[in-house]
Amino acid sequence: MSKGLQFERRVASWLRRMGFSARVRELVRGFRTRRSYEVDVHAIGQKGFIRKRRIDIWVECKARKSTVKSRDVYHLIEKARDLRDACEEGIEDWYPDILMIVSTAGFDYDAIMVADEYRIYLVHRTGRGYEL
């Protein structure tokens, strides 16, 4: 089993412990692309007390030695936009309400600034656990 798949399964397990259901390596079609996108982890939860609403989270997992760069964040944004457009056209049945990147090496300054602007959750997986 690859290092990436092991990390994705670990992240999915963490999300399940937090009350989400989670699928690993789900393929989705975009509106503008022929090739499918691979969603590392698709977490599904619910929001609301009385009127529950489904929440879909696209989690991108980065198990590598170098920090996540702004280009990685922008790439995720573009894929999510394409998936949203596919959903609006009836090609897919979900799009992410929340985007998240989980990294073993952290994030560089520009990645943090872009993620903050677009409200993307950045999570650093350390030896002690997961840190926002």
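**Rings, pockets and salt bridges**

Let me start with one residue: at 38% relative accessibility, Tyr 74 counts as partly exposed, where buried means under 20% relative accessible area, exposed means over 50% and partly exposed is what lies in between, with a 1.4 Å probe and protein chains only. What we have here is a predicted model, in which local features need pLDDT of at least 70 and side-chain atom pairs count only at pLDDT 80 or more, while totals for chains, interfaces and linings use all residues. Residues are numbered from 1 along each chain as its sequence is written, and side-chain values use heavy atoms, with hydrogens and water left out.

I will take the aromatic rings before anything else. A search of the whole structure turns up three aromatic pairs, a pair being rings of Phe, Tyr or Trp (its six-membered ring) with centres within 6.5 Å, called stacked if the planes are under 30 degrees apart, edge-to-face if over 60 and tilted for the rest. One of them joins Tyr 37 and Trp 58, which are tilted, at 6.5 Å centre to centre and 50° between the planes. Tyr 37 belongs to strand 2 (residues 37-47) and Trp 58 to strand 3 (residues 53-62), so this pair ties together parts that are 21 residues apart in sequence; helices (H or I, at least four residues) and strands (E, at least two) are DSSP runs, numbered from the N terminus. Tyr 37 counts as buried at 14% relative accessibility, and Trp 58 counts as buried at 0%.

Tyr 74, where I began, forms an edge-to-face pair with Tyr 118, at 6.4 Å centre to centre and 80° between the planes. Tyr 74 lies in helix 2 and Tyr 118 in the loop between helix 3 (109-117) and strand 5, so the parts tied together are 44 residues apart in sequence. Tyr 118, at 33% relative accessibility, counts as partly exposed.

Tyr 118 also takes us to the pockets, since it is one of the five residues that lie nearest the centre of the largest one, along with Ala 80, Pro 96, Asp 97 and Leu 99, out of 13 lining residues. The elements that give two or more residues to this lining are helix 2 (70-88) and strand 4 (98-103), and the largest share, four residues, comes from helix 2. For the record, on a 1 Å grid over the protein atoms alone, a pocket is an open set of points where a 1.4 Å probe fits, with protein on both sides within 12 Å along at least five of seven lines, and lining residues have an atom within 4 Å of a point. The largest pocket holds about 320 Å³ of space, a volume being the space filled by probe spheres set on the points. Its lining has nine nonpolar, no polar and four charged residues.

For the second largest pocket, the volume is about 170 Å³. Its lining includes Trp 14, Phe 20, Ile 98, Tyr 121, Tyr 130 and Glu 131, and the elements that give two or more residues to it are helix 1 (3-17), strand 4, strand 5 (121-126) and strand 6 (129-131). Tyr 130 deserves a second mention, in that the charged end of Arg 125 sits over its ring, 4.7 Å from the centre; the criterion is CZ of Arg, or NZ of Lys, within 6 Å of the ring centre and within 35 degrees of the ring normal.

Which leaves the charged pairs. There are 13 salt bridges in the whole structure, each a side-chain nitrogen of Lys or Arg within 4 Å of a carboxyl oxygen of Asp or Glu. Among them, Glu 60 meets Lys 79 at 3.6 Å, N to O; Glu 60 lies in strand 3 and Lys 79 in helix 2, so this pair ties together parts that are 19 residues apart in sequence. Both Glu 60 and Lys 79 are buried. Another salt bridge joins Arg 64 to Asp 72, with the closest N and O atoms 2.4 Å apart; here Arg 64 is partly exposed at 27% relative accessibility, whereas Asp 72 is buried at 15%. Finally, Arg 32, Asp 82, Arg 84 and Asp 85 are linked in a network of salt bridges, within which the side chains of Arg 84 and Asp 85 meet at 3.6 Å, N to O.

I close with backbone angles: phi is positive in two residues other than glycine that I would point out, Arg 25, near 55°, and Arg 119, near 60°. Arg 25 is found in strand 1 (residues 21-28), while Arg 119 lies in the loop between helix 3 and strand 5 and counts as exposed at 74% relative accessibility.

Key
Nonpolar A, V, L, I, M, F, W, Y, C, P; charged D, E, K, R; others polar.
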